[in-house]
Amino acid sequence: MRAAILENNQLKITEIAKPSPGRDQALVRLTAAGVCHSDIHLVKGDWPRLALRGPTAMGHEGIGVVEALGPGAEQFLQMGDRVIMGLGGLGGGFWCGACEFCLSGRPRLCHAAKPLLGTYAEYIAAWAKALVPLPEQVADREVSLACGGLTAYSAIKKLIHYGVSPGRPVALIGAAGGLGHYAVQIAKAFGFMVVGVDLGPDKAAFVKQLGADYALDVKEALECVHQALGGVDGCIVFTPKVTGFELGLRLLKRGGVFIGVGMPPATDPPMTLHPLDLAQKELLITSSAVGNVEEMRELIQLAARGKVSTHASLQASLSELPAILEALDQGKYTGRAIINDLSR
Ligand SMILES: [Zn+2]
Ligand SMILES: [Zn+2]
């Protein structure tokens, strides 16, 4: 079968053996795979701490149909089920289910967690417990809910967890991007007052169209937010740039909640915050990365009700993937790219 394999920072589309499902695994014939921005960073080696060793099958957002079940998997799925997979790769392949992290809803932190990788392929053998069956209202083009959508969803839920109530103003930085465009829709569905911030008038128009209450250019955001609202109660930074993180901190009012999601390259400088500012404003600063399988189920329900949809700007076949990653790296298009033909 065809698959995209990364070796020595080179992504190649090549022939590999079709997998067979092991214990608790399902063999899934993939009908769509989402292109995630983190794939570019992995290919370029931007995140040395997440460096992949040896040839690695790539891709962590997938939708497909269950074609075979390994022993034990029949407890969770049936043949012919249409499923979404990914959990952002992290923890999407296995978690123990019994440790302090698994039991507190954070299986990504489980020491036994294994990533899910290999959705840029015709087939994948995937751990059945991490697969979420899809209602027919959720089309293949929604495949990026698997990582991008889930990451946005989990970050929004953390606002509530940390005491920012629906109805309150929250700023989403990078609101027009692959993650941010989901976050605007999800935050509105939860009832927040949404301040979407991104670069330039085209992106602001897109953010407004997604339903944001305020759609602001980066340059005007600080003044507008403090003048109109006196600051925001919470902010989530999706932009993988330290400048976006620093803007987020400055948009918060006293007692605000800061959630960092974007992952700038290791070569970017650290973000700076004087401890006196921290103490004076009594900020809560935390981060969020992808989400868990229960959050995936909740997100799918929102999508089935039409509350969240993917802005997919490009659909292509597997052989076009290296060129797509290159174009995405150069910022040539907004929205998500989807591989909807994995066989050529
Ligand atoms: Zn991803
Ligand atoms: Zn565990």
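These exercises, with worked solutions, deal with a predicted model.

**Exercise 1. The parallel sheet**

Give the strand order of the open sheet of 6 strands, and find its edges.

Solution.
Step 1. Read off the order: S11-S10-S9-S12-S13-S14. The pairing is parallel.
Step 2. Find the strands that pair on one side only. These are strand S11 (214-217) and strand S14 (284-287).
Step 3. Add the twist. It averages 20° from one strand to the next.
Step 4. Look at one edge in detail. Strand S13 (residues 252-260) runs parallel to S14, and 4 bridges join the two. Within this pair, Gly260 stands opposite Ser287 in S14.

**Exercise 2. Helices on the parallel sheet**

Determine which strands helices H6 and H7 touch, and how each helix is oriented.

Solution.
Step 1. Start with H6, residues 218-229, which packs on the sheet. The strands touched by H6 are S9 (169-173), S10 (193-198), S11, S12 (232-237) and S13.
Step 2. Compare directions. H6 makes about 135° with S11.
Step 3. Turn to H7, residues 242-251, which also packs on the sheet. H7 touches S9, S10, S12, S13 and S14. Its direction makes about 150° with that of S13.
Step 4. Check how covered H7 is. Of its 10 residues, 7 are buried, so the helix is mostly covered, with buried meaning under 20% relative accessible area.
Step 5. Name the buried residues of H7: Val242, Gly244, Phe245, Leu247, Gly248, Leu249 and Leu251.

**Exercise 3. The zinc site**

Which atoms coordinate the zinc ion (ligand 2), and what is the arrangement?

Solution.
Step 1. List the donors. They are the SG atoms of Cys96, Cys99, Cys102 and Cys110. Their distances are 2.3 to 2.4 Å.
Step 2. Write the spacing along the chain: C-x2-C-x2-C-x7-C.
Step 3. Test the angles. Four donors count as tetrahedral if all angles lie between 85 and 135 degrees. Around the zinc ion (ligand 2) the 4 donor atoms subtend 106 to 114°, so the arrangement is tetrahedral.
Step 4. Check accessibility at two of the donor residues. Cys96 has 36% relative accessibility and counts as partly exposed. Cys102, with a relative accessible area of 12%, is buried.

**Exercise 4. Cysteines and disulfides**

How many disulfides does the model contain, and why does Cys224 not form one with Cys235?

Solution.
Step 1. Recall the bond in question. A disulfide is a covalent bond between the sulfur atoms of two cysteines.
Step 2. Apply the cut-off: the two sulfur atoms must lie within 2.5 Å. The count comes to 0 disulfides.
Step 3. Take Cys224. Its closest cysteine sulfur is in Cys235, 16 Å away, so the pair is too far apart for a bond.
Step 4. Add the exposure. Cys224 has a relative accessible area of 28%, which makes it partly exposed.

**Exercise 5. Antiparallel pairing**

Work out the order and edges of the open sheet of 3 strands, then locate further antiparallel pairs.

Solution.
Step 1. The order is S2-S1-S4, with antiparallel pairing.
Step 2. Strand S2 (10-15) and strand S4 (56-57) stand at the edges. Each has a single partner strand, so one side of each is left without a neighbour in the sheet.
Step 3. Inspect strand S1 (residues 2-7). S1 is joined to S4 by 2 bridges. Ile5 stands opposite Ala57 in S4.
Step 4. Place the helix. H10 (residues 321-329) lies across S1 and S2, at about 160° to S2.
Step 5. Move on to strand S5 (residues 62-69). It runs antiparallel to strand S6 (residues 82-85), with 4 bridges between them. Gly62 has Met85 in S6 as its bridge partner.
Step 6. Continue from S6 to strand S8 (residues 132-133). They pair in the antiparallel sense over 2 bridges. Here Val83 is partnered by Pro133 in S8.

**Exercise 6. Positive phi**

Where do Asn8 and Glu282 lie, and are they buried or exposed?

Solution.
Step 1. Set the background. Most residues other than glycine have a negative phi.
Step 2. Read the angles. Asn8 is not a glycine, yet has a positive phi of about 50°. Glu282, also not a glycine, has a positive phi of about 50°.
Step 3. Locate them. Asn8 is in the loop between S1 and S2. Glu282 is in the loop between helix H8 (275-281) and S14.
Step 4. Apply the cut-off for exposed, over 50% relative accessible area. Asn8, at 69%, is exposed. Glu282, at 64%, is exposed.

Key:
Residues are numbered from 1 along each chain as its sequence is written. Chains are lettered from A and ligands numbered from 1 in the order in which they are written. This is a predicted model: local features need pLDDT of at least 70, side-chain atom pairs count only at pLDDT 80 or more; totals for chains, interfaces and linings use all residues. Side-chain values use heavy atoms; hydrogens and water are left out. Two strands pair if DSSP finds at least two bridges between them. Axes are lines fitted to C-alpha atoms, for helices over the stretch in contact, and angles run from 0 to 180 degrees between N-to-C directions. Contact means heavy atoms within 4.5 Å. Donors are N, O and S atoms within 2.8 Å of the metal (3.2 Å for Na, K and Ca); water is not among the atoms, so sites may look incomplete. Four donors count as tetrahedral if all angles lie between 85 and 135 degrees; four count as square planar and six as octahedral if opposite donors are over 155 degrees apart and all others between 65 and 115; anything else is irregular. Buried means under 20% relative accessible area, exposed over 50%, partly exposed in between (1.4 Å probe, protein chains only).
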